[in-house]
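Colleague: Could you take me slowly through the surroundings of the ligand in this model, and then set that site beside the other local features you would point out to someone at the bench?

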Amino acid sequence: MDKLKLLFGALAFYGRFFCSFTAIGFHVRRLFWPRFQPDFHGQHWVVTGASAGIGRHIALAAARAGASVTAVARASTKLDEVVATAQAEGLQLQAAPCDLSSMADVSRWLVERGAVANSGGTTNAAPGQTTAAALQRVDVLVNNAGVMLDEHTLTAEGLEASFATNLLSHYRLTKGLVAAGLLPSTAVVVNMTSGGAYHVPLSTAMLNVTDAARYNGTYAYAFHKRAQVVLSEYWRTQWNADGRRSYVLHPGWVDTPGVKRSLPRFRAALKRVLRDEAAGADTALWLAATKPAQPIGEHLFFDRKARAAHLAASTRVSRDTAETLVAYLEKAQ
Ligand SMILES: NC(=O)c1ccc[n+]([C@@H]2O[C@H](COP(=O)([O-])OP(=O)(O)OC[C@H]3O[C@@H](n4cnc5c(N)ncnc54)[C@H](OP(=O)(O)O)[C@@H]3O)[C@@H](O)[C@H]2O)c1
């Protein structure tokens, strides 16, 4: 019965969003958009997950529009290739490798940028300990890296790997940059959610599933993406007074290496209509360029417009709040 319910739920969801989330929706909507030629000269961007997929496109597009870009992903030939592509075009893009599933590596990355992690995991500015290459103001931070892991994996620190990569690392990275004074009041933080968030409520109990028997990679991903929506709204309200912007967006269904790896059947069925990486990157670039006003309360951006954060009343029901989420992330560090 439960399996049947899930099957019908999935069919209803994919049927409902087939046109909207695929390239069809993007191409129809863009007919009504004004010309968009962003100019990011003088800005420094940090893009996570910049070695592939949507993040790679965002990083290169921002650099082509004049930004100096720090590309973050695990050290790999893919990351080297992005740097080589940028160099061949005369763009300013440098790699700053980091394994976002490792909180130790996130701390190391922050330390190298002038933010120091103490034993409790909070970060403070430490001007005395900065290196020459560090302390570069970040105008746009794109918290893009994300994984859906079929196989249950615990990191050396005892965290479920997708939780660490999708959510905790970005929480720490953002908090560390703010604490170090590297995300000024004019900065924009762009977070990535997914249509998967529409399936689940906020639940801190489902974020870091360390018990393999309780783990389902698709659900874990959905819970991380729901939490990302809540966290983005939390930051928006926290930062309201000093002007820093926090946005969260769904890129649509995009043909990327991640989709190929994690959702092969979904990709095989929809390959012809999946969005390309440029379409997946569009709203992130648009948000950074236009800094639109946001409605009060939880929402997410999709195709340059703020949309509902919930499609069903059931996902609004939660024992958790933004505050318990943040308390949970603090403790998980
Ligand atoms: N594609 C879609 O249809 C879709 C739909 C909804 C939401 N999204 C979201 O959009 C974002 C980008 O998705 P995508 O499809 O472009 O993903 P992708 O093709 O799998 O690329 C993921 C990027 O994240 C990096 N990454 C993965 N694990 C990492 C780690 N431990 N440390 C550092 N970097 C890591 C990868 O680099 P390395 O593996 O080399 O480190 C790669 O650069 C994700 O947050 C995803 O959830 C995508």
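Modeller: What follows begins with the ligand site and then moves to other parts of the chain.

Please keep in mind throughout that this is a predicted model, and that every value below is computed from it.

The shell around the ligand is made of 33 residues, and those that come nearest are Ser 51, Asn 144, Tyr 221, Val 254 and Thr 256. Three polar contacts to oxygen atoms of the ligand deserve a careful look. For Asn 144, a backbone N or O atom lies 2.6 Å from an oxygen atom of the ligand. Lys 225 contributes through its side chain, with a polar atom placed 2.9 Å from a ligand oxygen. At Gly 258 the contact comes from the backbone, where a polar atom is 2.9 Å from an oxygen atom of the ligand. Taken on its own, the ligand has 880 Å² of accessible area, and the protein covers 94% of it. Where the shell draws on regular secondary structure, the elements that give two or more residues are α3 (53–64), α7 (217–238) and α8 (257–262). Among the elements, α8 gives the most, with four residues.

Helix α3 is also worth following away from the ligand, by way of Leu 60, which is found in that helix. Leu 60 is buried because its relative accessible area is 2%, a value that falls under the 20% limit for that class. Leu 60 and Leu 93 are separated by 33 residues in sequence, yet their C-alpha atoms are 7.8 Å apart in space.

Another helix with buried residues is α5 (residues 103–112), in which Met 103, Asp 105, Val 106, Ser 107, Trp 109 and Leu 110 are buried. After α5 comes Gly 114, and its phi is positive, near 95°.

Two residues other than glycine also have a positive phi, and they can be read one after the other. Lys 291 has a phi of about 40° although it is not a glycine, and its place is in the loop between α10 (277–290) and β9 (299–302). Lys 291 counts as partly exposed because its relative accessible area is 30%, which lies between the 20% and 50% limits. Asp 303 is likewise not a glycine and has a positive phi near 45°; this residue is found in the loop between β9 and β10 (305–308). With a relative accessible area of 3%, Asp 303 is buried.

On the surface, Phe 18, Ile 24, Val 28, Leu 31 and Phe 32 make a nonpolar patch of about 520 Å². One of these residues, Ile 24, lies in helix α2 (residues 23–30), and it is partly exposed, with a relative accessible area of 32%. That value allows Ile 24 into the patch, because patch residues need over 30% relative accessible area.

Finally, for anyone thinking about cysteine chemistry, a search of the whole structure finds zero disulfides. The settings of two cysteines can be described individually: Cys 19 is partly exposed, with a relative accessible area of 45%, whereas Cys 98 counts as buried at 2% relative accessibility.

Notes. Residues numbered from 1 in each chain as written. Predicted model: local features only at pLDDT ≥ 70, side-chain atom pairs only at ≥ 80, totals over all residues. Heavy atoms only, no water. Patch = residues over 30% accessible without salt bridge, like charges linked within 9 Å, V, L, I, M, F, W, Y side chains within 5 Å. Areas by Shrake-Rupley, 256 points an atom, 1.4 Å probe, with all protein chains shown as cover. Salt bridge = Lys/Arg side-chain N within 4 Å of Asp/Glu carboxyl O. Buried < 20%, exposed > 50% of the residue type's maximum accessible area, 1.4 Å probe, protein only. Disulfide = S-S within 2.5 Å. Near = heavy atom within 4 Å. Polar contact = N/O pair within 3.5 Å; in protein donor to acceptor, adjacent residues only side chain to side chain.
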